[in-house]
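Got your viewer open? Let's walk through this one stop by stop, with something to select at each.

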Amino acid sequence: MSFISVRKVRYCYHENVAAIEDINLDIDEGEFVAIIGTNGSGKSTLAKHFNALLLPTNGKVSVEGMDTSNESDLWKIRSKVGMVFQNPDNQLIAALVEDDIAFGAENLGIPAEDIRRRVDLSLDAVGMIDFKDFAPHKLSGGQKQRIAIAGALAMNTKCIVFDEPTAMLDPQGRAEVLAVVKKLHANGFTIIYITHFMEEAVEADRVVVMESGKVVKVGTPREVFTDVEGIKKIGLDVPIAAEMTYRLRKRGFNLPEGIMTAEDLAAALR
């Protein structure tokens with residue numbers, strides 16, 4: 001059984017206008033899945049179905065066999081699937097970092113001594129244990145996103161959905177957040193990562209490509225991004241190394257297929 005199962009899902013914000021349509025997708029426990037697509041392709045709408053922030057107009061979404069439309073399972077689902085959004089300032093509500101991280105667990109009715117333990121473990125996991133007494137507004141964008149991640153971890157989540165978490169960050173902040181994401185994945189967390197940075201999508205086990213509310217391609221990063229012309233046709237970029245390899249091959253360079261990183265390209269050129 002898949003950790004998250006999506007079957008024939010359609011969702012309409014307005015009557016008869018589908019934001020996503022005929023979505024079928026399985027995500028296994030411990031998997032790192034990147035979802036890419038142009039603005040308006042339905043990425044965020046789909047993401048909000050994974051922990052029942054949105055419920056399908058038609059079709060079914062289940063988390064560990066629990067139907068997201070079953071109201072009695074709502075809090076169980078949201079404790080298993082956390083979300084981190086694009087703007088870190090919209091996710092932080094308390095005056096102190098440790099209070100912010102404790103907020104979700106408090107709302108689940110977790111005992112105070114257990115919350116204390118969870119807060120410390122979560123802060124340590126994202127490398128922010130030394131900032132627990134700081135005011136969130138004094139932190140950098142990357143640090144704020146790491147606090148948002150810690151808040152999800154404190155709820156004992158098994159999966160985190162990242163909805164373009166680095167879109168508003170500078171390169172250093174993006175690197176900080178991606179390093180935490182990769183660490184969580186290495187520790188067994190299920191990661192669903194929406195991004196428009198293709199170099200981030202390369203880190204995933206699988207890439208899901210969306211266009212006009214539908215899933216149009218699913219595969220490993222190498223399978224997806226070696227189709228340079230196909231990806232560009234729907235308005236997306238490819239990783240810089242893949243783009244360079246594509247151009248060099250067109251100019252007659254005998255380079256192997258599937259180059260995704262600068263290191264791969266440098267080795268092939270040597």
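Start with the second largest pocket, which holds a lining of 13 residues. Select Thr226, Val228, Tyr246, Arg249 and Glu257, the lining residues nearest its centre. Before you read anything into the side chains, keep in mind that this is a predicted model.

Now colour helix H10, residues 240-250. H10 gives the largest share of this lining, 5 residues. The space in the second largest pocket comes to about 160 Å³. If you colour its lining by class, you should get 7 nonpolar, 3 polar and 3 charged residues.

**Next stop: the largest pocket**

Move over to the largest pocket, with a volume of about 600 Å³. Its lining has 22 residues, and the ones to pick for a view of the centre are Met83, Gln91, Phe103, Gly104 and Met155, the closest to it.

Which elements supply at least two residues each of this lining? Show helix H2 (74-80), strand S6 (81-84), helix H3 (97-107) and helix H5 (141-153), and you have them. Give H3 its own colour, since the largest share of the lining, 5 residues, comes from there. By class, the lining of the largest pocket splits into 13 nonpolar, 7 polar and 2 charged residues.

**Aromatic rings**

Hide the pockets and show the rings. There are 4 aromatic pairs to find in the model. Select Phe32 and Tyr193 to see one of them: the centres are 6.1 Å apart, the planes are at 70°, and the pair is edge-to-face. Trace the backbone from one to the other and you'll find that this pair links distant parts of the chain, with Phe32 in strand S3 (residues 32-37) and Tyr193 in strand S8 (residues 190-194), 161 residues apart. Are these two residues buried or exposed? Both Phe32 and Tyr193 are buried.

Keep Tyr193 on screen and add Phe162. The ring centres of Phe162 and Tyr193 lie 5.7 Å apart with the planes at 45°, so this pair is tilted. Phe162 belongs to strand S7 (residues 159-163) and Tyr193 to S8, so the pair ties together parts 31 residues apart in sequence.

Turn on a surface and look for these rings. Phe162 has 0% relative accessibility and counts as buried. Tyr193 also has a relative accessible area of 0%, and it is buried. Put the three together in a single selection, because Phe32, Phe162 and Tyr193 form one aromatic cluster.

**Charges over rings**

Stay with the aromatics, but bring in some arginines. Select Arg174 and Phe197: the charged end of Arg174 sits over the ring of Phe197, 4.4 Å from its centre. Then try Arg78 and Trp75, where Arg78 lies over the face of Trp75 at 6.0 Å from the ring centre.

**The open sheet**

Switch to cartoon view. Here 4 strands make an open sheet, in the order S2-S1-S4-S5, with antiparallel pairing. Where are the edges of this sheet? Look at strand S2 (17-27) and strand S5 (66-67), which each pair on one side only.

Now zoom in between strand S1 (residues 4-14) and strand S4 (residues 58-63), an antiparallel pair joined by 5 bridges. For a landmark here, click on Arg7, which stands opposite Lys60 in S4.

**A few backbone oddities**

Two residues in this part deserve a click for their backbone angles. Asp22, in strand S2, has a phi near 55°, a positive value in a residue other than glycine. Glu64 is not a glycine either, yet its phi is positive, at about 50°. To find Glu64, go to the loop between S4 and S5. With a relative accessible area of 24%, Glu64 is partly exposed.

**Last stop: a loop**

Finish at Leu55, in the loop between helix H1 (43-47) and S4. Leu55 has 38% relative accessibility and counts as partly exposed. To close, set up a distance label from the C-alpha atom of Leu55 to that of Asn70: these residues are 15 apart along the chain, and the label should read 9.9 Å.

Methods
Residues are numbered from 1 along each chain as its sequence is written. This is a predicted model: local features need pLDDT of at least 70, side-chain atom pairs count only at pLDDT 80 or more; totals for chains, interfaces and linings use all residues. Side-chain values use heavy atoms; hydrogens and water are left out. On a 1 Å grid over the protein atoms alone, a cavity is a set of points where a 1.4 Å probe fits but cannot get out, and a pocket is an open set with protein on both sides within 12 Å along at least five of seven lines; lining residues have an atom within 4 Å of a point. Grid points are joined across faces, edges and corners, and a volume is the space filled by probe spheres set on the points. Ala, Val, Leu, Ile, Met, Phe, Trp, Tyr, Cys and Pro count as nonpolar, Asp, Glu, Lys and Arg as charged, and the others, Gly among them, as polar. Rings of Phe, Tyr and Trp (its six-membered ring) pair if their centres lie within 6.5 Å; planes under 30 degrees apart count as stacked, over 60 as edge-to-face and the rest as tilted. Buried means under 20% relative accessible area, exposed over 50%, partly exposed in between (1.4 Å probe, protein chains only). A charge sits over a ring if NZ of Lys or CZ of Arg is within 6 Å of the ring centre and within 35 degrees of the ring normal. Two strands pair if DSSP finds at least two bridges between them.
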